[in-house]
Amino acid sequence: MHSTSEAALAAVGGGVRRRALARAACALAACLFAVSLNARADLADIEKRGTMKVATEDDYAPFNFIVDGKAAGFHADLLEDLRKYATKFKVQQDILPWTGLLAAVSAGQYDLAFTGALVTDDRLKTFDFTPPFASAQHYYVKRAGDNRLGDVASLSGKTVGVQAGSALLARLPELEKMLAKTNGKLGEVVQYQSYPEAYADLANGRLDYVINAVISVNDLVKSRPKVFVKGVAVSGNGFAAWPIPKGNPELLKFMTGFMDQIRQSGRLAELQKKWFGESFPDLPTVPITSVDQFHKLAGME
């Protein structure tokens with residue numbers, strides 16, 4: 001949800017440097033592919049070695065973040081439930097920055113990403129996703145006191161900020177269609193490397209609105225209510241779920257069973273309300289494993 005520019009590459013060494021970096025990237029990709037073939041572990045392998053390795057993030061509130069050197073957030077609480085559920089092996093958590101986390105999971109260094117990853121078409125080429133634990137429907141956020149913006153029609157022609165390469169950017173065509181139905185059009189789209197940059201430009205008036213997933217918007221507005229206000233939904237449904245590399249059906253089944261347990265016991269709703277500000281009772285209860293299935297569940301057909 002969370003790219004080096006050509007100008008930056010040129011500044012550090014021109015064409016020779018780019019060719020060297022390209023060769024290194026190819027070598028690294030080949031290495032990671034080889035590792036992924038040899039190191040992925042389905043449930044029987046995890047039970048044999050006695051440890052399931054999960055990767056979490058260090059700076060993605062309210063899903064995962066650090067307070068006084070210790071993990072906190074939705075997943076820190078839920079990790080204790082997962083450890084109790086896993087009776088045949090231990091659960092080892094490693095805290096990583098988002099950059100490279102999914103690549104590390106895909107390469108087999110970890111069994112799954114225990115974080116707020118959004119389900120996307122591109123990620124479904126590499127991963128299967130457990131049943132979602134939260135909505136990731138897209139909402140817009142505006143400056144407090146900006147009465148120009150209200151419903152979707154009011155966004156016509158306005159400048160929007162969104163994270164580069166994100167699921168939010170990929171689904172902007174949905175907002176275009178929504179605007180077209182009101183005879184409106186999408187305004188200038190400004191891409192940012194991180195959301196703090198986008199929010200700073202929104203606060204100082206360089207943007208009219210920013211689009212993010214509902215939980216991140218809720219967290220922002222809760223922490224800075226005098227600066228930002230939540231708008232309306234600008235996409236169909238979206239989902240946050242745990243990605244597991246394809247080819248691990250028993251591990252996917254195990255994590256689906258875990259989701260069934262915490263949902264039926266009420267624990268999931270309890271943690272959703274605690275960390276996200278609301279519960280999501282209508283989420284899919286099955287794994288998401290294909291683009292067609294995802295589009296149907298998200299209402300993107």
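Tutor: Two strands pair if DSSP finds at least two bridges between them; strands (E, at least two residues) and helices (H or I, at least four residues) are DSSP runs, numbered from the N terminus. This is a predicted model, in which local features need pLDDT of at least 70, side-chain atom pairs count only at pLDDT 80 or more, and totals for chains, interfaces and linings use all residues. Residues are numbered from 1 along each chain as its sequence is written, and side-chain values use heavy atoms, with hydrogens and water left out.

Student: Which residue in strand 4 is the bridge partner of I66?

Tutor: Strands 2, 3 and 4 form an open sheet of 3 strands in the order 2-3-4 with antiparallel pairing, and its edge strands, strand 2 and strand 4, each pair on one side only. Strand 3 is joined to strand 4 by 3 bridges. Within strand 4, the residue that bridges to I66 is A71.

Student: Which residue does a cis peptide bond join to A61?

Tutor: The bond lies by the loop between strand 2 (59-60) and strand 3 (64-67), where the residue asked for is found. Omega is about 5 degrees for this bond, and the partner of A61 in it is P62.

Student: What is the phi of D68, and is the residue buried or exposed?

Tutor: D68 sits in the loop between strand 3 and strand 4 (70-72), and its phi is near 50 degrees, a positive value in a residue other than glycine. Buried means under 20% relative accessible area, exposed over 50% and partly exposed in between (1.4 Å probe, protein chains only). With a relative accessible area of 77%, D68 is therefore exposed.

Student: Where is N183 placed?

Tutor: N183 is not a glycine, yet it has a positive phi of about 65 degrees. Its relative accessibility is 77%, so N183 counts as exposed. Its place is the loop between helix 7 (172-180) and strand 12 (189-192).

Student: Which side chain makes a polar contact with that of E174?

Tutor: E174 belongs to helix 7 and is buried, with a relative accessible area of 16%. Setting aside neighbours within four places in sequence, E174 is in contact (heavy atoms within 4.5 Å) with S235, G236 and M300. A polar contact is a pair of N or O atoms within 3.5 Å, one able to donate a hydrogen and the other to accept it within protein, and residues adjacent in sequence count only if both atoms are side-chain atoms. At 2.4 Å, the side chain that E174 meets in this way is that of R171.

Student: Which domains give residues to the largest nonpolar core?

Tutor: A nonpolar core is a set of buried Ala, Val, Leu, Ile, Met, Phe, Trp, Tyr and Cys residues joined through side-chain atoms within 4.5 Å, and the largest one here has 84 residues, with M52, F133, L175 and M255 making the most contacts inside it. Helix 10 (residues 249-265) gives the most to this core, with 7 residues. The core lies between two domains (bounds from an automatic or database domain assignment), because residues come from both domain 1 (43-135 + 239-298) and domain 2 (138-235).

Student: Which residue in strand 13 is the bridge partner of G161?

Tutor: G161 lies in strand 11 (residues 160-163), whose faces are both covered, with V160 and V162 buried on one side and G161 and Q163 buried on the other. Strand 11 pairs in the parallel sense with strand 12 over 4 bridges, V160 standing opposite V189. Strand 11 also runs parallel to strand 13 (residues 209-213), with 2 bridges joining them. In strand 13, the partner of G161 is V210.
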